[in-house]
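This briefing introduces a structure to a reader who has not met it before. Please keep the sequence and the model in view while reading.

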Amino acid sequence: MTILAPSILGADFKQLGEQIRLVDEAGAQYIHIDVMDGYFVPNISVGMPVISSLRSATDKVFDVHMMVTEAGRYVQKMRDCGADIITVHAEACRHLDQVLRKIRSCGARAGVSLNPATPVQAVEHVLPLADMALIMTVNPGFGGQERIPYTLDKIHMLRQICDRRGIPMDIQVDGGVTYDNVEEFLEAGANVIVAGSAVFQGDVTSNVKAFLKKFEEFEKR
Ligand code: DX5
Ligand code: ZN
């Protein structure tokens, strides 16, 4: 199934609870929460207190994307404040294998993310330890950027690797996804779609519904 994960980085922060309610009611399956440390990426966003306070606003899956150096230090804390999926960057974890095991052992689903320039081979051996692989389609740190076209090849390559090895992996894409270009990502093999600006700019409810309708049409093809 194709999943929409609206990134709250694109939302209006002064009414975050209400914005989450809107995407929830419109049918989005995940809430994508970007955590940035100002070191791994050149920006600082939100952390544990915000996430735990948002937890009571929705029952939807909290998909926490940690753009944090040695994110393994915060796995248990993220789980405690309500993360259902915890995604860490391969580039930011010295012992990626251990961190992914730690995520699963605290009861969350494990995600592993790659920056645009990092080859998919960097995660090949740890795929059985992950439930989701995130191919960044922009350099992480900011919403509202243009997608980087070569990342499509990476999605395609990763889907082939997973299929060849019989691994039923969720492949997530994040950055620069719009209503007009989302089909390229679906065709390449992604099935979890993050969208920040494309969901939160304009009419949130109709944006979510338009994405979901497109996913349904794609699945029927
Ligand atoms: C970027 C974040 C994204 C971002 C996506 O570092 O990981 O989740 O919010 O925003 P858009 O969809 O506007 O590119
Ligand atoms: Zn993200």
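The points below cover the sheet, a helix that lies across it, and a metal site. The model is a predicted one. Its eight strands form an open, parallel sheet, and a zinc ion (ligand 2) is held at an octahedral site.

**The sheet**
- The strand order is β1-β8-β7-β6-β5-β4-β3-β2, with parallel pairing.
- At the edges lie β1 (3-6) and β2 (30-36), each of which pairs on one side only.
- On average, neighbouring strands of the sheet are turned by 25° against each other, direction ignored.
- Strand β1 runs parallel to β8 (residues 192-195), and four bridges join the two.
- Leu4 has Ile193 in β8 as its bridge partner.

**The helix across the sheet**
- Helix α5 (residues 151-165) lies across three strands, namely β5 (109-114), β6 (132-136) and β7 (170-174).
- The helix runs at about 160° to β6.

**The zinc site**
- The protein donors of the zinc ion (ligand 2) are His32 through NE2, Asp34 through OD, His65 through ND1 and Asp174 through OD, at 2.0 to 2.3 Å from the ion.
- Six donor atoms surround the zinc ion (ligand 2), with angles of 70 to 169° among them.
- Along the sequence, the donor residues follow the spacing H-x1-D-x30-H-x108-D.
- Because His32 belongs to strand β2 and Asp174 to strand β7, this pair ties together parts that are 142 residues apart in sequence.
- His32 counts as buried because its relative accessibility is 0%, and Asp174 is also buried, at 8%; the cut-off for buried is under 20%.

Note on methods
Residues are numbered from 1 along each chain as its sequence is written. Chains are lettered from A and ligands numbered from 1 in the order in which they are written. This is a predicted model: local features need pLDDT of at least 70, side-chain atom pairs count only at pLDDT 80 or more; totals for chains, interfaces and linings use all residues. Side-chain values use heavy atoms; hydrogens and water are left out. Two strands pair if DSSP finds at least two bridges between them. Axes are lines fitted to C-alpha atoms, for helices over the stretch in contact, and angles run from 0 to 180 degrees between N-to-C directions. Contact means heavy atoms within 4.5 Å. Donors are N, O and S atoms within 2.8 Å of the metal (3.2 Å for Na, K and Ca); water is not among the atoms, so sites may look incomplete. Four donors count as tetrahedral if all angles lie between 85 and 135 degrees; four count as square planar and six as octahedral if opposite donors are over 155 degrees apart and all others between 65 and 115; anything else is irregular. Buried means under 20% relative accessible area, exposed over 50%, partly exposed in between (1.4 Å probe, protein chains only).
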